[in-house]
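Here are some worked exercises to try with the model open beside you. Have a go at each task before you read its solution.

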Amino acid sequence: MAPGAVIGWDMGAALALAQALGVNALIAAELLPEIEAVMVRKLNEQMEGRSTGVTPI
């Protein structure tokens, strides 16, 4: 575990949410890892900016 950093999503929960929203499970399983990677990177950039006082673009 990394203190103060997002390291990933709960994919079981993400797939359950996709199913509840009516998204095809195969499509969700294919797309979620790519979406997760971008979101984790962006969230960590934002949190780093808050700790240093610099907001990334």
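## Exercises with worked solutions

Gly 8 counts as partly exposed because its relative accessibility is 31%, where partly exposed lies between buried (under 20% relative accessible area) and exposed (over 50%), with a 1.4 Å probe and protein chains only. This is a predicted model, in which local features need pLDDT of at least 70, side-chain atom pairs count only at pLDDT 80 or more, and totals for chains, interfaces and linings use all residues. Residues are numbered from 1 along each chain as its sequence is written, and side-chain values use heavy atoms, with hydrogens and water left out.

**Exercise 1. Describe the chain as a whole.**

Step 1: count the secondary structure elements. The chain has two helices and zero strands; these are DSSP runs (helices H or I, at least four residues; strands E, at least two), numbered from the N terminus.

Step 2: turn to the surface. About 4600 Å² is exposed, and carbon and sulfur atoms supply 64% of that area, using the Shrake-Rupley method with a 1.4 Å probe; for residues, only the protein chains shown count as cover. Of the 57 residues in the chain, 12% are buried.

**Exercise 2. Find what Gly 8 and Glu 36 touch.**

Step 1: place both residues. Gly 8 belongs to the segment before H1, while Glu 36 sits in helix H2.

Step 2: list contacts (heavy atoms within 4.5 Å), leaving aside neighbours within four places in sequence. Gly 8 then touches Glu 36 and Val 40, and Glu 36 touches Gly 8, Trp 9 and Met 11.

Step 3: add a C-alpha distance. Gly 8 and Met 39 are 31 residues apart in sequence, with 8.8 Å between their C-alpha atoms.

Step 4: check the charge of Glu 36. Glu 36 is buried and has no salt bridge, and the nearest side chain of opposite charge, Arg 41, is 10 Å away. For this count, Lys and Arg are positive and Asp and Glu negative, with His and the chain ends not counted.

**Exercise 3. Which side chains meet in a salt bridge, and how far apart in helix H2 are they?**

Step 1: apply the cut-off, a side-chain nitrogen of Lys or Arg within 4 Å of a carboxyl oxygen of Asp or Glu. The structure holds one such pair: Lys 42 and Glu 45, at 3.6 Å from N to O.

Step 2: look at the spacing. Lys 42 and Glu 45 are three residues apart in helix H2, so about one helical turn separates them. An α-helix has 3.6 residues a turn, so residues three or four places apart point the same way.

Step 3: compare with the surface. Lys 42 is partly exposed because its relative accessibility is 40%, and Glu 45 is partly exposed at 30%.

**Exercise 4. Inspect both ends of helix H1.**

Step 1: begin at the start of H1 (residues 11–20), where a side-chain oxygen of Asp 10 comes within 3.1 Å of the backbone nitrogen of Gly 12.

Step 2: move past the other end. Just after H1, Gly 22 has a positive phi of about 85°.

**Exercise 5. Which helix gives the most to the nonpolar patch?**

Step 1: identify the patch. Its members are Trp 9, Leu 17, Leu 21, Val 23, Ile 27, Leu 31, Ile 35, Met 39 and Leu 43, with about 800 Å² of accessible area together. Patch residues have over 30% relative accessible area and no salt bridge; like charges are joined within 9 Å, and nonpolar side chains (Val, Leu, Ile, Met, Phe, Trp, Tyr) within 5 Å.

Step 2: sort by helix. Helix H2 (residues 25–52) gives the most, with five residues. Ile 35 is found in helix H2, and counts as partly exposed because its relative accessibility is 41%.

Definitions and conventions: A polar contact is a pair of N or O atoms within 3.5 Å; within protein, one must be able to donate a hydrogen and the other to accept it, and residues adjacent in sequence count only if both atoms are side-chain atoms. Contact means heavy atoms within 4.5 Å.
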